[in-house]
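User: I would like to learn how to read a fold, its sheet and its pocket from a set of coordinates. Could you take me through an example?

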Amino acid sequence: SPQYNYLQQPTMTTTSVSTAAGDDNDDSSPINLLKDSQTLHSLQNPPQRLFPNNHEDDFFSNPSDLTPQEIANHLFLNSEILAPMVRASTTPLRTLALSHGASLVYTEELVDRSITSPTERIINDELGTIDYRVPKHTYSAKVQRRLENDRDNPDAANGAVILRIDPTVERHKLIYQMGTGEPNLALDAALTVVRDVDGLDVNMGCPKKFSVS
């Protein structure tokens with residue numbers, strides 16, 4: 001069963017899994033999700049992927065040589081995907097899904113203007129993550145006090161994390177879903193996160209208040 005303490009290094013103890021091919025694996029050793037590479041195949045129904053010998057890094061070593069169709073085929077062909085879910089598709093759920101064999105994961109919908117200035121891109125050395133954080137001083141005095149008094153999340157005293165990415169686990173597997181209705185804002189948001197994600201999904205039809213206000 002999964003054993004997670006995200007402030008430390010998440011681990012997962014494997015159990016015997018029977019694949020569609022009928023092979024049984026019995027390995028009780030822990031998997032370090034921050035260090036071990038993720039399987040390219042689903043544990044439930046292993047698809048035929050483009051990289052049977054784990055040569056994914058070779059495929060992406062020179063992305064300028066790839067056509068858009070080749071990249072799209074890698075991301076979506078025969079993939080098992082964790083769909084974007086507001087307030088759910090955060091780092092713990094995405095990495096958990098990948099540890100159980102997901103081929104691709106989406107962020108939750110993040111509105112274009114929320115990821116751009118004053119949001120800052122920060123390398124979190126403690127967690128080994130890339131954090132997009134809204135500085136505390138940009139909030140009202142009331143919100144600042146609430147952040148400072150958040151005992152469940154002491155890190156909130158430094159500001160609110162809009163997006164946290166674990167590049168070791170999510171590399172080549174992460175799609176950023178952007179809520180947008182303005183092309184100039186969409187472009188700014190895309191250019192902000194392009195170095196840290198592997199695809200952009202544009203959501204122009206969400207009726208929720210946070211998307212349209």
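Analyst: What follows goes from the whole chain to a sheet, and then to a pocket and a helix. Please keep in mind that this is a predicted model.

User: How many helices and strands does the protein have, and what share of its residues counts as buried?

Analyst: The protein has eight helices and 13 strands, and of its 213 residues 39% count as buried, where buried stands for under 20% relative accessible area. Among contacts between residues at least 6 apart in sequence, 61% join residues at least 24 apart.

User: How should I read a sheet, and in what order do the strands of the open sheet run here?

Analyst: In general, the strands of a sheet pair through backbone hydrogen bonds, in either a parallel or an antiparallel way. In this model three strands form an open sheet in the order E9-E10-E11, with antiparallel pairing. Strand E9 (120–124) and E11 are the edge strands, each pairing on one side only, and the twist from one strand to the next averages 35°.

User: How many bridges join E10 to E11, and which residue is the bridge partner of glutamate 120?

Analyst: E10 and E11 are joined by six bridges, while E9 and strand E10 (residues 129–135) pair over five bridges. Glutamate 120 has arginine 133 in E10 as its bridge partner, and arginine 133 in turn stands opposite valine 161 in E11.

User: How is empty space found, and how much of it lies in the largest pocket?

Analyst: The general idea is to roll a probe the size of a water molecule over the atoms, which shows where empty space is left. Here the largest pocket holds about 1,000 Å³ of space. It is lined by 35 residues, of which Asn153, Ala160, Val161, Ile162 and Leu163 are the closest to its centre.

User: Which element gives the most to that lining, and what classes of residue make up the lining of the largest pocket?

Analyst: E11 gives the most, with six residues, and this strand is itself mostly covered, five of its seven residues being buried. Other elements that give two or more residues include helix H3 (91–99) and helix H5 (141–148). By class, the lining has 16 nonpolar, eight polar and eleven charged residues.

User: Which residues of H3 are buried?

Analyst: As a general guide, an α-helix has 3.6 residues a turn, so residues three or four places apart point the same way. In H3 the buried residues are Thr91, Arg94, Thr95, Ala97, Leu98 and Ser99. Just after H3, glycine 101 takes a positive phi of about 105°.

Methods
Residues are numbered from 1 along each chain as its sequence is written. This is a predicted model: local features need pLDDT of at least 70, side-chain atom pairs count only at pLDDT 80 or more; totals for chains, interfaces and linings use all residues. Side-chain values use heavy atoms; hydrogens and water are left out. On a 1 Å grid over the protein atoms alone, a cavity is a set of points where a 1.4 Å probe fits but cannot get out, and a pocket is an open set with protein on both sides within 12 Å along at least five of seven lines; lining residues have an atom within 4 Å of a point. Grid points are joined across faces, edges and corners, and a volume is the space filled by probe spheres set on the points. Helices (H or I, at least four residues) and strands (E, at least two) are DSSP runs, numbered from the N terminus. Ala, Val, Leu, Ile, Met, Phe, Trp, Tyr, Cys and Pro count as nonpolar, Asp, Glu, Lys and Arg as charged, and the others, Gly among them, as polar. Two strands pair if DSSP finds at least two bridges between them. Axes are lines fitted to C-alpha atoms, for helices over the stretch in contact, and angles run from 0 to 180 degrees between N-to-C directions. Buried means under 20% relative accessible area, exposed over 50%, partly exposed in between (1.4 Å probe, protein chains only). Contact means heavy atoms within 4.5 Å.
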